[in-house]
Amino acid sequence: MLDRLRIVLIGTSHPGNIGAVARAMHNMGLSDLALVAPRCEVIHQESISRASGADHLLHSAARHATLEDAVADCTLTVGASARSRTLPWPMVSPRELAERLPSECQPPASRVALVFGREDSGLTNAELQRCNAHIHIPTNADFSSLNLAAAVQVVAYECRLAWLSTHTATEPSTLHEDTLASHADLERYFEHLERTLVAIEFHDPAKPRQLMARLRRLYLRARPEQIELNILRGILTATEKQTARRQVTQDTSSTHD
Ligand code: SAH
């Protein structure tokens, strides 16, 4: 999905902003950058410095003379705007847009363009009217305009979150489930724990006070991994050994008394 997203910058005038956009994109896993009639040098000391290691995006960026050329192969074009314009247009928040992306980015053909305007004047009405929808980052109404790269960062972050939610929902839990302690292991652990707590006289089965139930709830909430349970059992075994050793010492000293 992320490889279907194109960031289009129109008429950018500061190389530092283009560099910072490249950095924001690479941070969020986006790589398709298109520049429409930039009003500054793209490969510049400032852009390379602000890209902080993502300058390959500056080199691979496509250059176009017009917005139409930059989005010709896109099936959805969304223009980012800090202000509301005279003619109301379908408006989405970054989150609403991101939620639509998994279905909008179905391969093989579809691509989505996210279009950002000039630092001084934003996108023109004509440009905005070439977009399917507009996106506005909810900001302070009295101070609504973000820095260009900050705006790209916010939108790209929401896209990444939406992508993560479709991609990692199964992955981490699959990874995790392989190593999670089983029910039987946990039951053995609870028996061991109770035995040890009795041995160290922390727990009196005659006056349980829901101790074991509370401890069960704690461990079951934590869902320990096998390796973590092994550590906990190791601690119990060491505690039991110490207690037994102390017991022997006490017994021998009392025989000598
Ligand atoms: N001064 C311009 C804003 C320039 S900021 C104006 O008044 O329109 C550069 C670009 O960042 C904008 O064109 C827009 O694409 C994006 N941007 C900045 N703030 C934004 C916001 N709150 N919501 C959506 N996009 C925003």
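These are my notebook entries on the pocket, the ligand, the aromatic rings and the cavity in this structure.

**Entry 1: the model**

I reminded myself at the start that this is a predicted model. I kept to residue numbers that count from 1 along the chain as its sequence is written.

**Entry 2: the largest pocket**

I began with the largest pocket and looked up its volume, which is about 390 Å³. Next I asked how many residues line the largest pocket. I found 23 of them, and the ones nearest the pocket's centre are Ala 82, Arg 118, Gly 122, Ser 145 and Leu 146. I then sorted the lining by class: nine residues are nonpolar, nine are polar and five are charged.

**Entry 3: where the ligand sits**

Which space does the ligand take? I checked, and the ligand occupies the largest pocket, the one of about 390 Å³ noted above.

**Entry 4: the shell around the ligand**

I looked up the neighbours of the ligand and found 22 residues surrounding it. The closest are Ala 80, Arg 83, Ile 137, Ser 144 and Leu 146. Leu 146 caught my eye, being listed here among the closest to the ligand and also among the residues nearest the pocket's centre. By class, I noted nine nonpolar, eight polar and five charged residues in this shell.

**Entry 5: backbone atoms by the ligand**

I then went through backbone N or O atoms beside the ligand. For Leu 146, such an atom lies 2.8 Å from a nitrogen atom of the ligand. For Gly 117, I found a backbone N or O atom 3.0 Å from an oxygen atom of the ligand. For Glu 119, the partner is a nitrogen atom of the ligand, at 3.5 Å from a backbone N or O atom. How much of the ligand does the protein bury? Taken alone, the ligand exposes 540 Å², and the protein buries 93% of that.

**Entry 6: aromatic rings**

I searched the whole structure for aromatic pairs and got three. I also noted one aromatic cluster, formed by Tyr 189, Phe 190 and Tyr 219.

**Entry 7: the cavity**

Last, I looked for cavities of 30 Å³ or more, and the structure holds one. The largest cavity has a volume of about 40 Å³. Which residues line the largest cavity? I wrote down Arg 85, Leu 87, Trp 89, Asn 125, Leu 128, Gln 129 and His 134. Sorted by class, this lining has three nonpolar residues, three polar ones and one charged.

Technical notes. Predicted model: local features only at pLDDT ≥ 70, side-chain atom pairs only at ≥ 80, totals over all residues. Heavy atoms only, no water. 1 Å grid on protein atoms, 1.4 Å probe; cavity = no way out; pocket = protein on both sides within 12 Å on 5 of 7 lines; lining within 4 Å. Points joined across faces, edges and corners; volume = space filled by probe spheres on them. Nonpolar A, V, L, I, M, F, W, Y, C, P; charged D, E, K, R; others polar. Near = heavy atom within 4 Å. Polar contact = N/O pair within 3.5 Å; in protein donor to acceptor, adjacent residues only side chain to side chain. Areas by Shrake-Rupley, 256 points an atom, 1.4 Å probe, with all protein chains shown as cover. Sits in = over half its atoms within 2 Å of the grid points. Phe/Tyr/Trp six-rings, centres within 6.5 Å; stacked < 30°, edge-to-face > 60°.
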